[in-house]
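Please open the model in your viewer and keep the sequence panel beside it. The tour below goes from one selection to the next and says what can be found at each stop.

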Amino acid sequence: LDLTASLCKSCPWFAGASYRFQKIPGYDVDRSPAFRPSGFEILEDETRLGREVQELSARAGYSFPGNRIAVYAGVRHRSTTLEIDDELRYRDAFGTTETHISTRTKLDSEATLALAGLEAHLAGRFYARIDTAFGDEDRVVWANVTYLVPRKPGVRTIDEEPIWPTLEALL
């Protein structure tokens, strides 16, 4: 979700806020190195990994004359959760003892990053954005291209010539 608005009707300055949520559903991964002690029978060996990232950003920027290029700077708060579920069952060499080990690990991290970026009107209804966020030990580069679907008749707009069409497309 991204909202951008001009700070005044005739000035080139704008402000924006965005929220991004990314979830990588749990998927199976291989243990490295594999658990294969000699003489033991492995009954189950499964490891699942899941990741969730939430980002909240605020930015202010300047649109150059002609509204084709804009630059901005701001701040981004990033929260990441990593979950690891591990199941291991094995039987000893004599077949008398079965062992079951199950672990669940959840790692959380948060970082506040400086944000800088560039937005460009490519052609027609195509727009591009590239930004970088960086902090003490975290660096992120994000690039995307957007196509704005033509407005439906009767859709209300705040301004007929916004600096960036993001707000117009949402209304």
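What follows is a walk through a predicted model, beginning with the sheet and ending with groups of side chains.

**The whole sheet**

Begin with a cartoon view and colour the strands, of which seven form an open sheet in the order β1-β2-β3-β4-β5-β6-β7, with antiparallel pairing. Look next at the edges, where β1 (2-6) and β7 stand with a single partner strand each, so that one side of each is left without a neighbour in the sheet. From one strand to the next, the twist averages 20°.

**From β3 to β5**

Select residues 41-63, which are strand β3, together with residues 69-91, which are strand β4; the two pair in the antiparallel sense over 22 bridges. As a landmark on this pairing, find serine 57, which stands opposite arginine 76 in β4. Then move to the turn of this hairpin, where five residues lie between β3 and β4 and where glycine 66 has a positive phi of about 95°.

Extend the selection to strand β5, residues 98-123, which runs antiparallel to β4 and is joined to β4 by 23 bridges. Here tyrosine 90 has threonine 99 in β5 as its bridge partner. The hairpin of β4 and β5 has six residues between the strands, and glycine 95 in the turn shows a positive phi of about 75°.

**From β5 to β7**

Continue to the hairpin of β5 and β6, which has two residues between its strands and, in the turn, glycine 124 with a positive phi of about 55°. These two strands pair in the antiparallel sense over nine bridges, and alanine 116 can be found opposite threonine 132 in β6.

Now select strand β6, residues 126-134, with β7 beside it; nine bridges join the two, which run antiparallel. Two places help to follow this pairing, since tyrosine 127 stands opposite threonine 146 in β7, while phenylalanine 134 stands opposite arginine 139 in β7. Four residues make the hairpin connection from β6 to β7.

Which residues of β6 lie on its covered face, and which on its uncovered one? Show the side chains of the strand: Tyr127, Arg129, Asp131 and Ala133 belong to the covered face, whereas Phe126, Ala128, Ile130, Thr132 and Phe134 belong to the uncovered one.

**A nonpolar patch**

Switch to a surface view and select Phe64, Ile69, Val71, Leu118, Ile130 and Val141, which form a nonpolar patch with about 480 Å² of accessible area together. Within this selection, valine 141 is found in strand β7, residues 139-147, and is exposed, with a relative accessible area of 62%. Phenylalanine 64, by contrast, is partly exposed at 38%.

**An aromatic cluster**

Keep phenylalanine 64 selected and add two more residues, as Trp13, Tyr62 and Phe64 form one aromatic cluster. The structure holds four aromatic pairs. One of them is the edge-to-face pair of tryptophan 13 and tyrosine 62, at 5.0 Å centre to centre and with 65° between the planes. Because tryptophan 13 lies in strand β2 (residues 13-29) and tyrosine 62 in strand β3, this pair ties together parts that are 49 residues apart in sequence. Turn then to tyrosine 62 and phenylalanine 64, whose ring centres are 5.3 Å apart and whose planes are at 85°, so this pair is edge-to-face. As a last check, colour by accessibility: tryptophan 13 counts as partly exposed at 45% relative accessibility, and tyrosine 62 is partly exposed with a relative accessible area of 25%.

Key: Residues are numbered from 1 along each chain as its sequence is written. This is a predicted model: local features need pLDDT of at least 70, side-chain atom pairs count only at pLDDT 80 or more; totals for chains, interfaces and linings use all residues. Side-chain values use heavy atoms; hydrogens and water are left out. Two strands pair if DSSP finds at least two bridges between them. Patches are made of residues with over 30% relative accessible area and no salt bridge: like charges are joined within 9 Å, nonpolar side chains (Val, Leu, Ile, Met, Phe, Trp, Tyr) within 5 Å. Accessible areas come from the Shrake-Rupley method with a 1.4 Å probe; for residues, only the protein chains shown count as cover. A salt bridge is a side-chain nitrogen of Lys or Arg within 4 Å of a carboxyl oxygen of Asp or Glu. Buried means under 20% relative accessible area, exposed over 50%, partly exposed in between (1.4 Å probe, protein chains only). Axes are lines fitted to C-alpha atoms, for helices over the stretch in contact, and angles run from 0 to 180 degrees between N-to-C directions. Rings of Phe, Tyr and Trp (its six-membered ring) pair if their centres lie within 6.5 Å; planes under 30 degrees apart count as stacked, over 60 as edge-to-face and the rest as tilted.
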